[in-house]
Amino acid sequence: MFATLFALLLEATGSVSVMGAAIGAGLAAIGAGLGIGRIGGSAMEGIARQPEAAGRIQTAMLIIAALIEAVALFAAVICLLVATAA
């Protein structure tokens, strides 16, 4: 089954590097979404446990979410560079 899927993707994209770049960009986006979701959930749980620390928790959450987005954007750019270099 995976061999057939691989063959179809290879035929559609034309090269393995383009296909790998597309898969890499997708995985980077999925990873960023999961990471930010976990951060948001943990921050809400922390605020519920200690409401007086809400400001500090929100600040830390926003900084870490921005760092995750930056890494995901960097990964997507690298994947696009790999795809266009092929």
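**An all-helical chain in a predicted model**

Over residues 19-81 the chain is 94% helix and 0% strand, with the end C-alpha atoms 13 Å apart. Helices (H or I, at least four residues) and strands (E, at least two) are DSSP runs, numbered from the N terminus. The structure is a predicted model, in which local features need pLDDT of at least 70 and side-chain atom pairs count only at pLDDT 80 or more, while totals for chains, interfaces and linings use all residues. Residues are numbered from 1 along each chain as its sequence is written, and side-chain values use heavy atoms, with hydrogens and water left out.

A good place to start is the overall layout. The chain has 3 helices and 0 strands, and from the N terminus on its elements run α-α-α. The radius of gyration of the chain is 18 Å, well over the 12 Å given by the globule rule for 86 residues, so the chain is more spread out than a compact globule. Here the radius of gyration is taken over C-alpha atoms, and the globule rule is 2.2 Å times the number of residues to the power 0.38. Along the principal axes, the C-alpha atoms fill a box of roughly 55 × 30 × 10 Å. Of the 86 residues, 17% count as buried; buried means under 20% relative accessible area, exposed over 50%, and partly exposed in between (1.4 Å probe, protein chains only).

Two annotations from the UniProt record help with orientation. The unreviewed entry gives "domain: V-ATPase proteolipid subunit C-like" for residues 19-81, and it also marks residues 60-83 as "transmembrane region". UniProt positions are given in the numbering used here, feature names are shortened, and annotations may be inferred rather than shown by experiment. In the model, residues 60-83 are 100% helix and 0% strand, and the end C-alpha atoms of this span lie 35 Å apart.

The N-terminal helix, α1, covers residues 2-13 and includes F6. With a relative accessibility of 40%, F6 is partly exposed. The C-alpha atoms of F6 and V16 are separated by 9.4 Å, and these residues are 10 apart along the chain.

Next comes helix α2, residues 16-49. At 1.5 Å a residue, its 34 residues should span 50 Å, and the end C-alpha atoms are 49 Å apart, which agrees; the expected span is 1.5 Å times one less than the number of residues in the helix. Several residues of α2 are buried, among them M19, A28, G35 and I47. V18, also in α2, is partly exposed at 25% relative accessibility. Although V18 and A83 are 65 residues apart in sequence, their C-alpha atoms are 4.5 Å apart in space. A48 is found in α2 as well and is exposed, with a relative accessible area of 63%. A48 and A65 are 17 residues apart in sequence, and their C-alpha atoms are 19 Å apart.

Helix α2 also holds a charged pair. Side chains of opposite charge can pair when their charged atoms come close. A search of the whole structure finds 1 salt bridge, defined as a side-chain nitrogen of Lys or Arg within 4 Å of a carboxyl oxygen of Asp or Glu. The partners are the side chains of E45 and R49, at 3.1 Å from N to O. Both residues lie in α2, 4 residues apart, about one turn of the helix. An α-helix has 3.6 residues a turn, so residues three or four places apart point the same way. E45 is partly exposed at 44% relative accessibility, whereas R49 is exposed at 64%.

The C-terminal part of the chain offers a surface feature. L73, F74, V77, I78, L81 and V82 make a nonpolar surface patch of about 560 Å². Patches are made of residues with over 30% relative accessible area and no salt bridge, where like charges are joined within 9 Å and nonpolar side chains (Val, Leu, Ile, Met, Phe, Trp, Tyr) within 5 Å. Accessible areas come from the Shrake-Rupley method with a 1.4 Å probe, and for residues only the protein chains shown count as cover. One of the patch residues, I78, is in helix α3 (residues 54-85) and is partly exposed, with a relative accessible area of 36%.
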